[in-house]
Every structure is written in structure tokens, then in C-alpha cells.
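Q: Please take a close look at one part of this structure, the open sheet together with the helix that packs on it, and describe the surroundings in a connected way.

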Amino acid sequence: MKRVGAITIGQAPRTDIMEDIVDILGKELTLVQAGALDGLTAAEIEALRPDGTGNTLVSRLRDGTGVILQEQKILPLLQQRILELEEQGVRAILLMCTGEFPEGFRASVPLIYPSKVICGLVAGLDNVTRLGVITPEADQIRDIRRKWERIVPEVVPVLWNPYHEERSREAADRLREARVDLAVMDCFGYSKKMRDFAADAISRPVILSRTIAARVLSEIV
């Protein structure tokens, strides 16, 4: 049976994510999970919080608690997890985060960046001029605009923290009022149930990053 790896920027295992992608991966693939924060103490995790000088990321601890991290601080931890998964014989590795990570990771197997996957998908669609982007934290809005305005003329960011609420009527109302052509759930924390709620509420297609990235992982191995 083929082994593939998946790295969360929080703690593994991410059972909440597996609920949505197990059918996509199928029975032929064995998924080996790792977390950037695995084995760290509460004090060590606290030291990884944003200090205002870098990109903000949001994830989850093993007990379900949400955690806010600074991207630049966790890069060495992600690199270590990549090497550990390679030692376990995985054929490809999925980063379970839509952050725009630098391309400096050392990996001898295909490394899937969900941010590039969803950006490429939207870029390949015609007639998308006003894009709704659902993101967890206000501190991410600046980065979200910079990321997506390279692809579409108008970006409408809305806040919805997937680790605090299963539905967000406020986010849906904002997207519907803005008459977006399409919406993207730009965080791996959003689930199929959340996507279905959003799509029904705004009557527009909604892209879910975790399932799209999982399909790419299943295709390349």
C-alpha cells in the first residue's frame, strides 16, 4: 500500500480534516500525519504566536483548541516534519495549510502547497471578477488581499473562524450582498459542512481548500 504524508501547522492527528478527505484518498493510500507543534510544551507554542513582524496562520491543537502562529517562526519545524515523513517512506507530502510558504523547503518527494493549488484553480476559471475570500483572522486580511488581487480584479474578504463557529451568517450575508462570482475558503480548517452552508447561503460556488488539495495528492501518487 502506498504511503503519503500530511503536515498540519498545529498538532496531529487532525481527525476533523480526515472526515472530509478519507474517501478522496481511497483505500490504496495510507496517510501518515505529522504536526509542526507535536511534542512542544504550552510555553514553546506560546512563543510561536505572532509578534507583528510576519504572516499570521491559524490552526488547531490536538484537543481542538485553536492556535494562532507566525509563519516565519514555524518554518524550521515544518522542515523537520518533512524529513521525518520522508524517512517513513511517503511518496508525497501535503501541507495542510493555505499559507503562502516560501519555496525553500528541502524535500525529495512532491510537496503540495494548497495555496498554489487553489490560486491556480481560480486563475484557470473564466469570468471571475469579484472573488469572495473567507479567512479566519482580521490580521490575515492584508495578506489575503495581496495574494488574491494578483489573480482577480476585486477581492471581498470576510471573517469566519472555523475553530470557533460551525456557521457564520455574517460572512455569508456579506458575500451575498457583495454579489461575488465565487468564494474561496482560504484555510484548511473549513469543512465540507461549512462549504455547503456557505454555498447555499450565497447561491454561488464555494471552493474548499482541503478537498481540492486532497484530490491533487491522490492524483500524483
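A: A residue counts as buried when its relative accessible area is under 20%. The model discussed here is predicted, and by that cut-off Ser191 is buried, because its relative accessible area is 16%. Ser191 sits in the loop that lies between strand S9 (182–185) and helix H7 (192–202). Leaving aside neighbours within four places in sequence, Ser191 is in contact with Asp20, Leu208 and Arg210. One of these partners, Asp20, is itself among the buried residues of helix H1, and H1 leads to the sheet.

That sheet is open and is formed by 4 strands in the order S2-S1-S5-S6, with parallel pairing. Its edge strands, each pairing on one side only, are S2 (29–35) and S6 (111–112). Helix H1, residues 15–25, packs on the sheet and touches S2 and S5, and its direction makes about 150° with that of S2. Strand S1, residues 2–8, pairs with S2 in the parallel sense over 7 bridges, and within this pairing Ile7 has Ala34 in S2 as its bridge partner. Taken in the order S1, H1 and S2, these elements make a right-handed β-α-β unit. Towards the other edge, S5 (residues 93–96) and S6 run parallel and are joined by 2 bridges, and here the bridge partner of Ile93 is Leu111 in S6.

Returning to H1, the buried residues in this helix are Asp16, Ile17, Met18, Asp20, Ile21, Ile24 and Leu25. The elements that cover them include S2, strand S3 (56–60), S5, H7 and H8, so-called cover that takes in both strands and helices. After H1 comes Gly26, whose phi is positive, near 75°.

One of the covering elements, H8, also meets another helix. The axes of H4 (residues 114–123) and H8 (residues 209–220) come within 9 Å and cross at roughly 100°; the two helices are therefore roughly perpendicular to each other. On the H4 side the residues that meet H8 are Pro114, Val117, Ile118 and Leu121, and they face Ser209, Ile212, Ala213 and Val216 in H8. The residues of this contact divide into 7 nonpolar, 1 polar and no charged.

Conventions
Residues are numbered from 1 along each chain as its sequence is written. This is a predicted model: local features need pLDDT of at least 70, side-chain atom pairs count only at pLDDT 80 or more; totals for chains, interfaces and linings use all residues. Side-chain values use heavy atoms; hydrogens and water are left out. Two strands pair if DSSP finds at least two bridges between them. Contact means heavy atoms within 4.5 Å. Axes are lines fitted to C-alpha atoms, for helices over the stretch in contact, and angles run from 0 to 180 degrees between N-to-C directions. Buried means under 20% relative accessible area, exposed over 50%, partly exposed in between (1.4 Å probe, protein chains only). A crossover is right-handed if, with the strands pointing away from the viewer, the path from the first strand over the helix to the second runs clockwise. Angles under 35 degrees count as roughly parallel, over 145 as roughly antiparallel, 65 to 115 as roughly perpendicular and the rest as oblique. Ala, Val, Leu, Ile, Met, Phe, Trp, Tyr, Cys and Pro count as nonpolar, Asp, Glu, Lys and Arg as charged, and the others, Gly among them, as polar.
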